[in-house]
Amino acid sequence: MIIRFLPLKNIFFVLSIALLVSSNGYSQVEPVCGFVATPEAQERFERLLPQIKKYEQEYYNKSLSRSSTAISSIPIKAHILRTSSGTGGLTVTQLNDAIANMNAYYANAYIEFFLCDGINYIDDSTYYDFETNEQSALTSGNNVNNVINIYFANTVTSSDSGGGLCGYAYFPGGPEVILMDNGCAINGSTLPHEMGHFFALYHTHGPSNSALTTELVNGTNCDTNGDLICDTPADPQLSYSNVTGACNYIGTDTDANGDTFVPDPQNIMSYSRKECRTLFSPQQYARIYATFQTSRNNLSCPSFNVAFDANYTRDCSNSLTVNFTDSSVGATSWQWDIDGDDIIDYTTQNPTHVYNEGVFDVTLTISNGTSSLTKVYSELIEVGSNPINTTQLLFTLTTDNWPAETTWEFKDSNDIVLYSGGPYIEGTHDFTTFNETFNIVADECYTLTVSDSYGDGICCASGTGSYELKTLENVVIATGGDYGFGEETYMSNQSLGVDDYFINNKISVYPNPTNTVLNIKLNQNSNLPDGYKIYNMLGQLIDAKEINNIGHLKIETSTLNNGMYFIKIFKDDQFTSIPFIKN
Ligand SMILES: [Zn+2]
């Protein structure tokens with residue numbers, strides 16, 4: 001076992017190691033992860049959060065088999081550092097085992113990693129024992145664009161602290177580079193851990209390695225503090241001194257409420273003992289998946305890559321014909337699942353498909369005769385829209401304190417802008433309400449687009465702005481404010497009225513996370529759903545009840561084990577699924 005020293009972060013850390021050595025003679029000290037969340041990376045991540053939340057929801061839907069569960073292939077370039085005479089370095093077997101081990105975890109996030117164009121050996125004793133200030137010199141001549149460049153070194157040392165590092169990685173926006181210490185690369189948990197950072201996961205103890213997490217033990221601020229993940233318990237920063245060899249936490253730290261921390265020493269994104277780290281939580285997997293969809297979807301191997309174009313991806317009527325054009329590299333055969341049901345629909349290179357109403361994943365798997373690659377394009381095709389039946393729409397917009405970021409457009413099916421507004425004037429139009437009237441005709445489709453140039457919407461973090469679109473008859477079609485860079489609403493003005501129970505009711509559940517009781521919230525309490533079913537993350541049915549009166553909307557949850565669940569709420573032949581967490 002390689003022995004190295006921790007970077008000297010703070011007195012407490014050093015003291016706790018000294019005590020450990022003197023009390024039981026235990027002298028093994030493991031290097032830590034060198035990841036630090038920069039303010040830029042955190043800001044970028046927070047701007048993307050609304051989109052990430054959308055894809056996390058999509059991930060939960062996948063778990064209920066409502067869309068493609070195919071696994072997308074992501075290219076890795078392996079750079080193995082050796083001495084100038086070509087000795088040392090990770091072996092091919094060790095590399096393949098490390099990737100296979102990592103793939104076993106990431107399959108739960110519907111992604112896998114493959115080696116792109118073999119291994120790049122770098123025989124240079126300067127980099128064999130790598131120091132972090134050598135990164136740009138090493139990577140500038142070796143990096144392959146748009147793949148994950150992983151450099152495997154004999155040792156990795158922090159140039160700042162002089163301490164040994166197991167590895168480090170960057171959030172989206174940073175270099176597509178991961179540095180790994182060879183000993184840590186094969187320990188089973190550090191490579192999945194660093195890849196977790198690459199997909200925007202924080203340490204479970206939060207963005208700082210020196211300050212105690214502000215995440216509370218009771219879970220009330222889990223969405224905005226610590227690792228911003230709610231199904232990982234608050235973590236006071238695990239270490240080899242407060243986690244036993246049997247992987248039990250023995251620390252006594254308390255949070256701001258005086259509650260004793262109950263962290264999870266098994267979580268891969270913690271600083272627990274390397275051999276104890278064997279789990280990602282469901283929401284961590286959801287975030288990996290969402291970050292892949294929003295920030296890491298551009299990765300492609302130059303010699304072997306799966307990709308395609310679609311001539312149309314959206315239509316507000318109830319039918320759409322789409323021509324797919326393969327743009328893969330190195331493919332000799334093709335398998336298309338064009339509607340996300342995990343069934344191969346076409347094996348031609350450039351299929352054409354007629355869609356009916358719905359939202360569809362499109363998955364293409366290509367083969368070059370010896371290996372295959374898959375890519376899932378989540379919710380690529382959207383057919384259909386909100387049915388409306390009116391002659392006029394009423395649009396109300398209230399700006400936040402950054403009105404110059406806000407614009408909106410109302411277009412018809414030919415993409416002609418009929419009405420628009422913004423950017424508004426900073427200092428003059430702050431917190432101002434604008435009312436607009438749109439005249440519309442029957443049997444035509446319309447799109448409302450509301451945008452924010454900074455990407456933080458108009459409510460919540462940045463103020464109290466909001467918008468609403470409703471018909472002359474007061475039926476609300478769209479409303480919101482927390483929309484990141486923007487959102488679109490599609491509507492078709494039909495001659496016939498259509499009653500969509502779930503659109504009109506906007507069902508939600510609260511509190512979430514829940515402890516003893518979960519409430520179903522409806523807009524129209526007089527018209528109850530038929531019933532509900534509760535499933536766990538494995539899709540197993542846990543509970544099912546009919547709803548006959550308002551009292552049945554209050555669900556007893558104290559008997560549920562802690563963890564993530566879905567509640568599926570039924571009305572006639574329609575349903576909606578909402579994830580919730582039991583703490
Ligand atoms: Zn880390």
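pLDDT is the predictor's confidence in each residue, on a scale from 0 to 100. Keep it in mind, as this is a predicted model.

**Exercise 1. Find out where the confidence is low and where it is high.**

Step 1: Start with the whole chain. Its average pLDDT is 86, and 91% of the residues score at least 70.

Step 2: Go to the beginning of the chain. Over residues 1–28 pLDDT stays under 50, and the model has 32 contacts beyond four places in sequence for this stretch.

Step 3: Compare the elements. Helix α1 (residues 11–24) has the lowest mean pLDDT, 27, while strand β5 (residues 148–153) has the highest, 98.

Step 4: Draw the lesson. Where pLDDT is low, predicted coordinates should not be read in detail.

**Exercise 2. List the domains and give the distance between the centres of domain 2 and domain 3.**

Step 1: The domain assignment places domain 1 at 11–295, domain 2 at 308–378, domain 3 at 386–493 and domain 4 at 504–582.

Step 2: Between the C-alpha centres of domain 2 and domain 3 there are 33 Å.

**Exercise 3. Describe how helices α3 and α7 pack.**

Step 1: Two packed helices are described by the angle and the distance between their axes.

Step 2: For α3 (residues 92–106) and α7 (residues 190–198), the angle is about 60 degrees and the axes are 9 Å apart.

Step 3: The two helices are therefore oblique to each other, and α3 passes α7 in a right-handed crossing.

Step 4: Now look at the residues that meet: A98, M102 and Y105 from α3, and L191, P192 and M195 from α7. This contact has 6 nonpolar residues, no polar ones and no charged ones.

Key. Residues are numbered from 1 along each chain as its sequence is written. This is a predicted model: local features need pLDDT of at least 70, side-chain atom pairs count only at pLDDT 80 or more; totals for chains, interfaces and linings use all residues. Domain bounds come from an automatic or database domain assignment. Helices (H or I, at least four residues) and strands (E, at least two) are DSSP runs, numbered from the N terminus. Two residues are in contact if their C-beta atoms, placed from the backbone, lie within 7 Å. Axes are lines fitted to C-alpha atoms, for helices over the stretch in contact, and angles run from 0 to 180 degrees between N-to-C directions. Angles under 35 degrees count as roughly parallel, over 145 as roughly antiparallel, 65 to 115 as roughly perpendicular and the rest as oblique. A crossing is left-handed if the near helix is turned anticlockwise from the far one by less than a right angle, and right-handed if clockwise. Ala, Val, Leu, Ile, Met, Phe, Trp, Tyr, Cys and Pro count as nonpolar, Asp, Glu, Lys and Arg as charged, and the others, Gly among them, as polar.
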